[in-house]
Amino acid sequence: MRRKHGVPLWTVCASLAAGPLLAGCGWVGGGLAERSGPEVSEQAGEALRSAESLRVRISLDGGTDSATEVDLTLDDEGNCRGTVAQAGEGSAELVRRGNEVWLRPDEAFWKSRAGAAGENSYALFRGRYLHGSVDDPVLGGLSGTCDLAGLRESSAETGGDWGAPRTGTLDGVRVVSVTRREKHGSTTLHVAREGTPYPVRVDKSGAEESGTMRFSDFGTPVPTRVPSAAESVDVDELRRNRARGTGAEAAPGADTGPGPAG
């Protein structure tokens, strides 16, 4: 499965989870392991919607040419910082603060989207961020990745038949895990057993695509530092170089071909 830039993060999350987490009816104090599978999912969905900021790491394995990695810290004001990457197509650092967006692609990222012209752009802008606004056609679509509200919306629907809870430890965290069997695979949701029942990890196993989505750092603010002017180049400079025939024929954040989720 191949993806294009500009696809909001919550779409990827819903795909990974093979359906959204169940809607919540308020947290139930204690005894999470003694609840039903659907109740555990409800609690996790409610906790997720309460988070003002978090870190999400997504690993999708849709085949050798479409393995995707996303690592973002984001908040409910649209700010975010992190990376997106796809096998064979490079990676890029993404920063959004308010209405401003910065994108720093690596060489493979440039070349996969614009060939030789991309190589020229990489040589010109090596190590610097493209800088623009959320309204820019080049960077605006990719900035949609930073939509925590959309991630919450994806967890607001109902559906699914979760099995009985199991207890265990995952990455040092005591969890309650529930699994949903599906036509072509399964989804397992791991929820923190102590404190707020935040989702810790979602594992998706399927015939066409498998992956993992990890949640952490709930309530931790997105770093406020943004790239300096010396570290950045205005996205309009890319257009001017393109017009002169010295830059990319297609900007790396444009929806011109497959790329990592975002």
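How many bridges join strand E9 to E10, and in which sense do the two strands run? Let's start there and then work through the rest of this predicted model.

## Strands E9, E10 and E11

Seven bridges join strand E9 (residues 185-192) to E10, and the two run antiparallel. One facing pair here is Ser 186, which stands opposite Ser 205 in E10. The link between E9 and E10 is a hairpin with six residues between the strands. In that turn, Gly 195 has a positive phi of about 75°, so keep an eye out for Gly 195 if you plot the backbone angles.

On its other pairing, E10 is joined by four bridges to strand E11 (residues 210-216), again antiparallel. Val 202 stands opposite Met 213 in E11, and the hairpin from E10 to E11 passes through three residues. Strand E10 (residues 199-206) has six of its eight residues buried, so it is largely enclosed by the rest of the structure.

## Strands E2, E3 and E4

Now to the strands around E3. Strand E2 (residues 68-75) pairs with E3 in the antiparallel sense over seven bridges, with Asp 71 opposite Thr 83 in E3. Four residues lie between the strands in the hairpin of E2 and E3, where Gly 78 takes a positive phi near 90°.

E3 also pairs with strand E4 (residues 90-97), in the antiparallel sense and over seven bridges. Here Ala 85 stands opposite Ser 91 in E4. The hairpin of E3 and E4 has three residues between the strands, and Gly 88 in its turn has a positive phi of about 80°. Five of the seven residues of E3 are buried, so this strand is largely enclosed by the rest of the structure.

## The disulfide

How many disulfides does a search of the whole structure find? The search finds one. It is formed by Cys 80 and Cys 146, with their sulfur atoms 1.9 Å apart. Cys 80 lies in strand E3 (residues 80-86), while Cys 146 sits in the loop between helix H4 (140-143) and helix H5 (148-153), so the pair ties together parts that are 66 residues apart in sequence.

Are these two cysteines buried or exposed? Cys 80 is buried, with a relative accessible area of 1%. Cys 146 also counts as buried, at 2% relative accessibility.

## The nonpolar core

The largest nonpolar core holds 40 residues. Those that touch the most other members are Leu 54, Val 56, Leu 72, Leu 74, Leu 94, Leu 189 and Phe 215. Strand E1 (residues 53-61) gives the most to this core, contributing four residues.

## Cavities

A search of the whole structure turns up two cavities of 30 Å³ or more. The second largest has a volume of about 40 Å³.

Which residues line the second largest cavity? They are Arg 104, Pro 105, Trp 110, Phe 125, Arg 126, Gly 127, Arg 128, Tyr 129, Leu 130 and Val 233. By class, this lining divides into six nonpolar, one polar and three charged residues. Strand E5 (100-105), helix H3 (107-125) and strand E6 (129-133) each supply at least two residues of the lining.

Note on methods: Residues numbered from 1 in each chain as written. Predicted model: local features only at pLDDT ≥ 70, side-chain atom pairs only at ≥ 80, totals over all residues. Heavy atoms only, no water. Core = buried A, V, L, I, M, F, W, Y, C linked by side-chain atoms within 4.5 Å. Buried < 20%, exposed > 50% of the residue type's maximum accessible area, 1.4 Å probe, protein only. 1 Å grid on protein atoms, 1.4 Å probe; cavity = no way out; pocket = protein on both sides within 12 Å on 5 of 7 lines; lining within 4 Å. Points joined across faces, edges and corners; volume = space filled by probe spheres on them. Nonpolar A, V, L, I, M, F, W, Y, C, P; charged D, E, K, R; others polar. Disulfide = S-S within 2.5 Å. Pairing = 2+ DSSP bridges.
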